[in-house]
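Reader: Before accepting any labels, I would like to see the reasoning behind them. Please take the terms one by one.

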Amino acid sequence: MIITLLVLAVLAYIFFTGGVPLLLTILLDFAIFSIVTLSLNLEVGHTGISQFGRVIAVIAGAFAVGAVPGRLLAWFMGLPHGAEYADDAVNYTVVPKLTELLASSVVLSVAFLLFSLILAAVCGALVGWLTSRPAIRLKEAYLGISLLAFGDLMMWVGHNWEPLVGGTTAVFIPDPFRVVWAYRFPAAVGTALVLVFLTYVLVRRLTKSPFGRALNMIRDSDVAAAVCGKDMVKLRTYSLMIGSALAAVGGAFYVIYAGTCTAVGFTRLTWTFWPWAYMMLGGIGSDVGILLGVLVLVVARTLILINRTTLFGFLMAWGIDPMWLEYALLGLVIIVVVLFMPHGLVPAKVEPVLPVERVRQVAERRPSEQPDSA
Amino acid sequence: MNINRLYAGYGKFKVLFDLEMEVPANEITVVVGPNGAGKTTLLNSIMGVATVFSGDVVYQGKRITGTPPHKAARMGISYVPQMGNVFAGLSVSENLQMAGYWMGKNELNNRVDQVLDMFPVLRQFIGRKAGTLSGGERRMLAIAMGLMRTPKLMLLDELSTDLAPIIAKRVMNEVARLRNELGITVLLVEQMAKRALEIGDTAYLLVSGQVRFRGKAGDLLRDPELSRVYLGIKES
Amino acid sequence: MAPWLASGLVYASALALTAGGITLLYITTRTFNFAHASMATWGFYVAYTGTVLYGGSPYRYFPLSFLFGSLLGVVCYVGLNRPLLRRRAAEITLMMSTLGYDLVLLSGIQIYCDYLTHTFRLFPRRVTMSSYDAEIFGMSASPLILPLTAILILTVFHLFLAKTKFGISMRATIENPLLAGVSGMNSDKVYLAAWVVGGGMASLGGAFMSMAMTGTPVMGMMTLPFMFAGAILGGLYSLYGGILGGFLVGLAEYGAVYYLAMLGGPWVLGYRMAIPLLIMAIVLLVFPSGLAGLPWGSLPRKLAGAMRGVKS
Ligand SMILES: Nc1ncnc2c1ncn2[C@@H]1O[C@H](COP(=O)(O)OP(=O)(O)OP(=O)(O)O)[C@@H](O)[C@H]1O
Ligand SMILES: [Mg+2]
């Protein structure tokens with residue numbers, strides 16, 4: 001509670017010092033990383049999968065949106081849409097035309113946006129299914145490392161295979177927010193916040209449902225879940241597919257908003273490790289905590305970033321770029337959380353598999369069968 | 001050694017409940033009970049291996065609850081666990097050397113000779129990996145390792161398991177001799193209840209983590225009800 | 001010597017050391033050490049700093065690299081790993097904690113590079129250490145010296161484990177920490193020793209690595225999956241398996257990339273990250289206990305049997 005008030009106070013402070021643009025930037029970062037981190041929490045916190053390859057699904061969404069919807073539009077308009085679409089010289093001239101087309105029609109823009117997000121979700125679910133193949137066999141650290149390496153590979157594929165998303169150069173993405181011209185930024189932020197809201201509701205409903213309780217059971221004990229007849233393979237697969245689809249939507253929205261997609265931007269640092277830090281700070285397994293964790297760290301990062309010349313001027317005198325302190329901040333957050341607050345800001349509630357009321361009913365129904373004490 | 005109001009277990013799982021026990025010096029205290037009663041857990045919590053939730057273990061007037069195992073070992077407590085009691089990847093001589101880890105070189109060699117005299121069979125396996133020994137040979141090695149440390153207090157868990165009856169008898173006599181000649185205090189957990197109770201002084205019957213009987217070892221042996229139900233000893 | 005083999009041998013020795021270190025830390029403290037990445041990079045920068053600022057051959061500074069790595073390992077153990085081990089933290093928590101440490105070290109590396117640039121007008125972000133290499137018999141020395149050094153270090157370590165009392169107690173603690181404790185061995189000292197040796201091996205491995213490839217602040221971070229692949233190929237529970245695994249992964253990577261690039265063109269180079277992934281996938285799906293799990297003793301006999309079976 002106190003923390004929430006504090007965060008609100010800080011947001012108000014930002015609003016008065018930095019004005020609306022800064023506030024919107026923070027909200028946008030918050031929204032995109034909330035989606036990604038909520039999806040991470042679904043897999044890690046609720047299912048117990050050591051997901052060290054969050055970037056995989058984010059890339060799936062981002063690359064899909066970078067490669068496909070623009071090509072479709074180009075094809076529709078009779079512009080170059082083959083491998084040459086991603087060539088920077090061609091891309092540079094084609095995409096503005098596509099954006100112009102989108103700007104002419106609200107319906108078309110909305111359709112484009114929806115199509116892109118749905119496409120991303122489908123691609124995310126696909127890679128989620130793909131990664132679930134090893135995930136149902138391997139445990140903990142083994143899986144984590146395999147996923148980590150896979151994420152790196154995805155990034156290098158994008159970096160080296162030019163027809164996908166431009167390789168070393170960026171591929172541009174037609175802008176569906178251009179229709180609202182001057183309100184582009186607020187509209188994008190508003191859409192992002194709606195997406196966060198939807199993600200949050202979805203994740204909450206999932207984890208409260210029988211499906212979610214079964215997931216928690218797998219997390220807490222494979223054996224118990226198996227004994228109760230839960231098909232663990234299926235449950236883990238679903239969890240990975242849903243989580244990855246959500247993360248892909250996050251990645252997709254990020255590139256749509258940015259207007260470009262560059263493969264090397266999708267590092268494990270930004271899209272796997274930072275979400276882990278957000279999740280650990282917020283509290284693994286606690287969805288409200290996640291939102292808070294993301295907000296706190298995004299605000300902290302932004303404040304440090306904009307004030308770095310005044311805060312770390314002494315470093316710059318030595319020729320040192322304070323940017324590097326980001327890594328240290330990330331590392332220290334993880335260390336402090338692990339050592340001193342393992343449950344995070346908002347510890348996850350331990351919920352019994354059956355509600356207390358049900359347990360009582362079951363107990364009353366069979367009063368005679370007391371466990372036999374030796 | 002005294003144990004007061006001990007609650008112990010593993011992680012969050014409680015095994016022992018409100019346990020009171022006295023292990024008089026220079027005597028053999030026998031603990032018997034059905035499988036899963038918590039006998040091993042009792043020894044583990046004395047040694048600092050299991051989790052102690054509350055209560056005290058007092059040894060030589062000092063509270064030793066929560067001391068790490070290696071410190072307890074250096075205070076003269078020697079523990080022969082029920083399982084995993086030899087280093088399978090190490091040779092027999094390395095095992096013995098490890099058992100007397102902090103002894104000087106001469107003392108160590110002397111002790112190795114002494115315990116090998118007790119179990120002459122081990123001499124022929126001296127260079128072999130402990131993992132290649134038979135069950136009984138391993139058990140002998142484990143006991144030899146326990147004796148390496150010239151302890152003041154010995155915690156022995158299921159000593160006679162895996163041993164041929166004649167060797168088991170010899171081991172029991174050896175335990176009795178430790179008390180009689182060296183004045184070592186012994187806390188003995190045994191399935192071969194009859195023989196153990198014969199050499200023991202005090203006896204405890206542990207059932208579901210609680211003490212069910214305490215008293216003279218002979219009394220438990222002669223109690224028709226308890227010895228029949230829990231120990232399978234027929235009235236004689 | 002085939003052109004790839006020279007740097008391949010150097011790189012393979014580097015991976016043998018780092019993968020061995022990862023395995024050692026895992027079998028002692030249950031910790032998958034992510035910080036191996038930046039420990040390796042720091043090892044490279046120690047050697048680099050010595051070479052460019054104080055002159056001489058890079059080899060002179062390799063012992064310093066090892067010591068610095070040990071120091072980083074000790075800090076990690078005392079500050080992070082020990083408190084968590086006492087709490088009996090889960091494997092995944094131990095792993096996360098080293099990730100945090102790695103990022104702090106990475107931040108240190110970047111800051112140090114800026115400092116070198118500003119103060120000494122150096123260019124530490126793209127370094128070709130092999131240009132400082134000495135020459136033996138008319139060719140660069142590293143493909144000869146470094147594998148030998150790696151073998152020497154591993155032999156010394158092997159003798160230490162096999163013959164010395166502390167070495168035996170280390171093996172005992174690895175095998176059965178419980179019994180080691182009740183026998184009076186202090187597991188704390190064993191774990192500390194593991195971090196001293198493991199950290200040292202990581203940093204020395206990083207210094208080796210920079211003789212085979214361009215040294216950058218993210219060198220360790222980029223090669224971390226390869227180090228883990230080596231450890232996993234080795235079976236993760238066997239120290240010697242990990243060392244051999246790292247060596248094989250290194251050679252396989254350089255060999256495969258070289259020949260595939262000859263066949264298919266230089267674009268292959270961009271996809272080398274697929275190699276550790278492939279190796280890990282094969283190991284984990286086909287022989288999950290790695291090299292150490294293969295029946296080495298009976299392998300020739302079985303193979304011979306299979307051959308006879310084919311003939312008859
Ligand atoms: N490491 C452990 N973690 C969790 N529970 C354990 C552990 N070891 C034992 N238990 C449980 O504690 C209870 C008591 O076990 P303990 O080993 O103390 O029994 P015991 O009296 O020695 O039995 P036995 O005669 O079979 O050796 C058992 O229910 C057992 O399942
Ligand atoms: Mg027992």
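Author: Buried area is the accessible area, taken with a 1.4 Å probe, that two parts lose on being put together, summed over both. The model is predicted. Between chain C and chain A the buried area is about 3,800 Å², and carbon and sulfur atoms give 79% of it.

Reader: Which three residues of chain C supply the most of the area that chain C buries against chain A?

Author: C:M96, C:L103 and C:Y271 do, with 15% of that area, more than any other three residues. On the chain C side the contact takes 42 residues, and on the chain A side 40 residues.

Reader: How many salt bridges are there between chain C and chain A, and how many residue pairs in polar contact?

Author: The salt bridge count is zero. A salt bridge needs a side-chain nitrogen of Lys or Arg within 4 Å of a carboxyl oxygen of Asp or Glu, so the zero says that no counted pair between chain C and chain A meets that cut-off. Polar contacts are counted separately, and seven residue pairs qualify, with both residues at pLDDT 80 or more.

Reader: Which elements of chain C give two or more residues to the side that touches chain A?

Author: They are α3 (62–86), α4 (91–120), α9 (219–233) and α11 (274–286) of chain C. Of the residues on that side, α4(C) gives the most, 19 residues. Sorted by class, the side of chain C that touches chain A has 28 nonpolar, 10 polar and four charged residues.

Reader: What makes B:E94 and C:R171 a salt bridge?

Author: Their side chains are 3.1 Å apart, N to O. The cut-off is 4 Å between a side-chain nitrogen of Lys or Arg and a carboxyl oxygen of Asp or Glu, so the pair B:E94 and C:R171 counts as a salt bridge. The rule finds one salt bridge across the interface of chain C and chain B.

Reader: What else is counted between chain C and chain B, and which elements of chain C supply at least two residues there?

Author: Nine residue pairs are in polar contact, both residues at pLDDT 80 or more. Helices α6 (165–175) and α7 (177–182) of chain C each supply at least two residues of the side that touches chain B. The largest share, seven residues, comes from α6(C). By class, this side of chain C has nine nonpolar, six polar and four charged residues.

Reader: What is the buried area between chain C and chain B?

Author: It is about 1,900 Å², with 58% from carbon and sulfur atoms. C:K165, C:L179 and C:V182 supply 31% of the area that chain C buries against chain B, more than any other three residues. The contact takes 19 residues from chain C and 24 residues from chain B.

Reader: Do chain A and chain B touch or not touch, and how do you know?

Author: They do not touch, and their nearest C-alpha atoms are 8 Å apart. Contact means heavy atoms within 4.5 Å, so not touching says that chain A and chain B have no heavy atoms within that cut-off. Two pairs of chains touch, and the most contacts are between chains A and C.

Reader: Where are the domains of chain B, and what makes B:R139 and B:D162 a salt bridge?

Author: The domain assignment gives domain 1 (22–50 + 59–76 + 153–236) and domain 2 (84–150). Their C-alpha centres lie 23 Å apart. The closest N and O atoms of B:R139 and B:D162 are 3.6 Å apart. That distance is within 4 Å, so the pair counts as a salt bridge. Across the interface of domain 1 and domain 2 of chain B, the rule finds one salt bridge. These two domains of chain B bury about 1,000 Å² between them, 72% of it on carbon and sulfur atoms.

Reader: What is the confidence for chain A, and where does pLDDT stay under 50?

Author: The mean pLDDT of chain A is 84, and 90% of its residues reach 70 or more. Among its elements, helix α2 (residues 54–67) has the highest mean, 94, and helix α17 (residues 356–365) the lowest, 61. Over residues 367–374 of chain A pLDDT stays under 50, and the model has zero contacts for them beyond four places in sequence.

How values were computed
Residues numbered from 1 in each chain as written. Chains lettered and ligands numbered in written order. Heavy atoms only, no water. Polar contact = N/O pair within 3.5 Å; in protein donor to acceptor, adjacent residues only side chain to side chain. Helix = DSSP H or I, 4+ residues; strand = E, 2+ residues; numbered from the N terminus. Nonpolar A, V, L, I, M, F, W, Y, C, P; charged D, E, K, R; others polar. Domains from an automatic or database assignment. pLDDT = per-residue confidence, 0-100.
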